[in-house]
Amino acid sequence: VEGFKTLERTNVVVNANDKLFAGVLTMEVGDMTEEVSVTTRVSEVQAASGERGFTLESQALQNIAANGRMLFNFATLVPGALSQDAAGAELGQVSAFTVNGQRPNSNNITIDGVANIDTGDNGGNMATTNIDAVAEFKVLTNAYQAEYGSAVGGQLQVVTKSGTQEFHGSGYWYGRRSGWDAETWINHRLGITSPKTSRDDGGYTLGGPAYIPGTFNTDKRKLFFFFSQEHQRRTTPVNE
């Protein structure tokens, strides 16, 4: 602003539904050439509430290995969350794990603030979110605020990605083949081989500015789009 010093506060990270106090920002009168830049990362203390929350951002979600590329596998990285399935099994539902000893159907999940839970028995989610479409994945485990109702277990909050001023996209493929795995010692001893299995997970994302006549080539673009799609193909042997 003309006639005032430039005041900048950078590296302030605010996760999904956080209430973060960044201090009082006051613009001082100064010369046109004076600037004040604060580049040190501020202390990210949740001072507005006592809830315990753990957040994974998009980069971490893509780099951490998850069996079956299921989003709920990441919930078990949180202290107090425990899978209800066998060790190493993929977690396909929000009710596949417990938080702090509560029942599995006591968990709740929202996507961009909208509830995504089966209200018939509260035992699972209605839709499954593609990992590559998630910007943030946050799990609240204790001392929730009044806005988090209907569940006493974990509160899972998913924030999806959005488009930007420029077009961006990605493509990926993950594959498994039984022929890529070594046979077990027992199979070798008995002279048998494991049944053939295969799995292919492929998809893509695309986001950018939405076209509005007269504004596409200006800096006034305020409408964006983001699209994501994933396909899974599995070959699983029949149990006899």
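**A tour from D201 through the sheet β10-β11-β12**

Select D201: at 3% relative accessibility, this residue counts as buried (under 20% relative accessible area; exposed is over 50%, partly exposed in between; 1.4 Å probe, protein chains only). The model is predicted: local features need pLDDT of at least 70, side-chain atom pairs count only at pLDDT 80 or more, and totals for chains, interfaces and linings use all residues. Residues are numbered from 1 along each chain as its sequence is written, and side-chain values use heavy atoms, with hydrogens and water left out.

Next, add R199, whose side chain meets that of D201 in a salt bridge (3.3 Å, N to O); the term requires a side-chain nitrogen of Lys or Arg within 4 Å of a carboxyl oxygen of Asp or Glu. R199 is buried, with a relative accessible area of 7%. Extend the selection to E90 and R234, which salt bridges with shared partners join with R199 and D201 into one network.

Now display strands β10, β11 and β12 (DSSP runs of E, at least two residues, numbered from the N terminus). In that order they form an open sheet with antiparallel pairing (pairing requires at least two DSSP bridges between two strands). β10 (168-177) and β12 (224-235) stand at the edges, each with a single partner strand, so one side of each lacks a neighbour in the sheet. Between β10 and β11 (residues 198-209) there are 10 bridges, and Y174 stands opposite D201.

Finally, select E230 and R69, a salt bridge with its closest N and O atoms 3.0 Å apart. E230 lies in β12 and R69 in the loop between α1 (58-63) and β4 (81-83), so the pair ties together parts 161 residues apart in sequence. R69 counts as buried at 13% relative accessibility, whereas E230, at 23%, counts as partly exposed.

Definitions and conventions: Helices (H or I, at least four residues) and strands (E, at least two) are DSSP runs, numbered from the N terminus.
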